[in-house]
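Biologist: I've got a model open and I'd like to learn to read it feature by feature. Where should we begin?

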Amino acid sequence: MPMICLSDFEAYAKKYLPKTTWEYFAAGADECCTRDDNLLAYKRIRFRPRMLRDMSVMDTTTTLLGTKISFPVGIAPTGLHQLAWPEGEKSTARAAETMNTCYITSTFSTCTVEEITAAAPNGFRWFQLYIHWNRTLSEKLVQHVEALGFQGLVLTTDVPYTGKRRDDIRNNFQLPPHLKVKNYEGAFEEENCSEYGLPPNSIDPSINWNDIYWLQSLTHLPIIIKGILTKEDADLAVRHGVQGIIVSNHGGRQLDGGPATIDALIEIVDAVQDKVEVYLDGGIRTGSDVLKALALGAKCVFIGRPALWGLTYKGEEGLREVLQILHDEFRLSMALAGCHNVSEIGRHLVQFSKL
Ligand code: FNR
């Protein structure tokens, strides 16, 4: 089966994954309006392409907080990769290393951070943190990933509680007994575990802006906050001294009715005025989606579900294929729009009268 575009990987995953796993990956909150709008919003944007600009030499590279990557697409944090492929996050790490891009490793990984580091020792990785109600556990985890060479800490801000995902409730979605969320292994042997193999309510719902100072006191790593959707919060993020913002609605899995991320991006980019880097995730399915996000001010985008589909298809190799297709599509879109490199991508590329 030739894989031409990311939808081909989606169709493969839907056909071959167990139904409950497919539905866990696909899930959005409530009626899935926000999940679906993440994709639809790209289809409303049109370019203003430029011609006759000698496109024989091009460069897709960029930097994330100073580290060079091969193109502005990284891997968003998603949990439980062994549901997609036996080697799980080790395969993800290897694919990201080979493709020279950033892999944001989830707190809810099914391999330990040591295994992930050993699998791809030269990979560029950030660690995504959910703050545990037992703060000592989170403190240890942060210090551990810093010692292992992770280069950034991504704090997810949009999960005081898990969104209501109907299919997961109907399926009584549970982690199969042979899989574990490894980063907390051993910490809760006595307790009853919830669907992720974690004790219920393992994410601290009390987290607030003061916890950014707490994190800064624990680590020298740059802090990137994920889940910001308004200029007010973007402004607070800058004032609390974070280094980056990921505009995200968790793939539409949290508040249904929140904005598509590409629609929220502009007010955030305008609010931060280049004081911190702004990234985006949600609904990126083609290279022209990447170009649109960069044109509207994102420094880089991240893919969630498409990475899981790639892993499902062929592990490391499948994810590499997903990234390669996005890379090639992005380069082609740049060429057809007349951009030689990422610094030439800007708002002039977008037809605002259509928005
Ligand atoms: C996620 N996401 C997520 N985010 C996070 O900060 N920590 C996590 O552990 C997870 N886990 C997770 C599992 C699954 C199955 C999905 C689909 C998503 C959200 C993720 O980082 C990202 O915001 C979205 O997936 C981006 O949207 P797309 O690319 O899936 O459309």
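Modeller: Let's start from a single residue. Setting aside neighbours within four places in sequence, Ile268 is in contact with Ile228, Lys231, Ala234, Ile245, Val247 and Val278. Bear in mind as we go that this is a predicted model.

Biologist: OK, and how do I go from one residue's contacts to a core? Which residues touch the most other members of the largest nonpolar core?

Modeller: The general idea is that nonpolar side chains tend to be buried together in soluble globular proteins. Here the largest nonpolar core has 100 residues, and Ile245 and Ile268 touch the most other members. Helix α12, residues 305-337, gives the most to this core, with 13 residues.

Biologist: Ile245 sits on a strand. Which way do the residues of strand β8 point?

Modeller: For a strand, look at each side in turn. In β8 (residues 244-247), Gly244 and Ile246 point one way, Ile245 and Val247 point the other way, and all are buried.

Biologist: And what does β8 pair with?

Modeller: Check both edges. β7 is joined to β8 by four bridges, and the two run parallel; Ile224 stands opposite Gly244 there. Four bridges also join β8 to strand β9 (residues 277-281), again in parallel, with Tyr279 as the bridge partner of Ile246.

Biologist: Parallel strands need a connection between them. Which helices make the β-α-β units with β8?

Modeller: Trace the path from strand to helix to strand. β7, helix α9 (residues 231-239) and β8 make a right-handed β-α-β unit. β8, α10 and β9 make a right-handed unit too.

Biologist: Let's go the other way from β7. Which strand pairs with β7 over four bridges in the parallel sense, besides β8?

Modeller: That's β6: β6 and strand β7 (residues 223-228) pair in the parallel sense over four bridges. Thr156 stands opposite Lys226 in β7. β6 is also joined to strand β5 (residues 124-129), by three bridges and in parallel, and Leu129 has Leu155 as its bridge partner in β6. Here the unit is β5, helix α6 (residues 135-148) and β6, and the crossover is right-handed.

Biologist: Are the faces of β6 covered or open?

Modeller: Covered, both of them. Leu153 and Leu155 on one side and Val154 and Thr156 on the other are all buried.

Biologist: Thr156 again! Which residues come nearest to the ligand?

Modeller: Thr156 is one of them. There are 23 residues around the ligand, and Ser106, Thr156, Gly251, Gly304 and Arg305 come nearest. To get the character of the site, sort the shell by type: seven nonpolar, 12 polar and four charged.

Biologist: How about helices? How do I read the buried side of one?

Modeller: An α-helix has 3.6 residues a turn, so residues three or four places apart point the same way. Now try α3, residues 33-43: its buried residues are Thr34, Arg35, Asp37, Asn38, Ala41 and Tyr42. Among what covers them are α10 (261-272) and α11 (287-295).

Biologist: Last one: loops. Why does Ser202 count as buried?

Modeller: With a loop, count neighbours before you assume anything. Ser202 lies in the loop between α7 (166-170) and α8 (210-218). Ser202 is buried because 23 other C-beta atoms lie within 10 Å, and 20 or more is the cut-off. Not counting residues up to four places away in sequence, Ser202 touches His132 and Trp133. Look also at Phe108: 94 residues separate it from Ser202 along the chain, with 11 Å between their C-alpha atoms.

Methods. Residues are numbered from 1 along each chain as its sequence is written. This is a predicted model: local features need pLDDT of at least 70, side-chain atom pairs count only at pLDDT 80 or more; totals for chains, interfaces and linings use all residues. A residue is buried if 20 or more other C-beta atoms lie within 10 Å of its own, exposed if 12 or fewer, and partly exposed in between; C-beta atoms are placed from the backbone. Two strands pair if DSSP finds at least two bridges between them. A crossover is right-handed if, with the strands pointing away from the viewer, the path from the first strand over the helix to the second runs clockwise. A residue is near a molecule or strand if its C-beta atom, placed from the backbone, lies within 6 Å of it. Ala, Val, Leu, Ile, Met, Phe, Trp, Tyr, Cys and Pro count as nonpolar, Asp, Glu, Lys and Arg as charged, and the others, Gly among them, as polar. Two residues are in contact if their C-beta atoms, placed from the backbone, lie within 7 Å. A nonpolar core is a set of buried Ala, Val, Leu, Ile, Met, Phe, Trp, Tyr and Cys residues joined through C-beta atoms within 7 Å.
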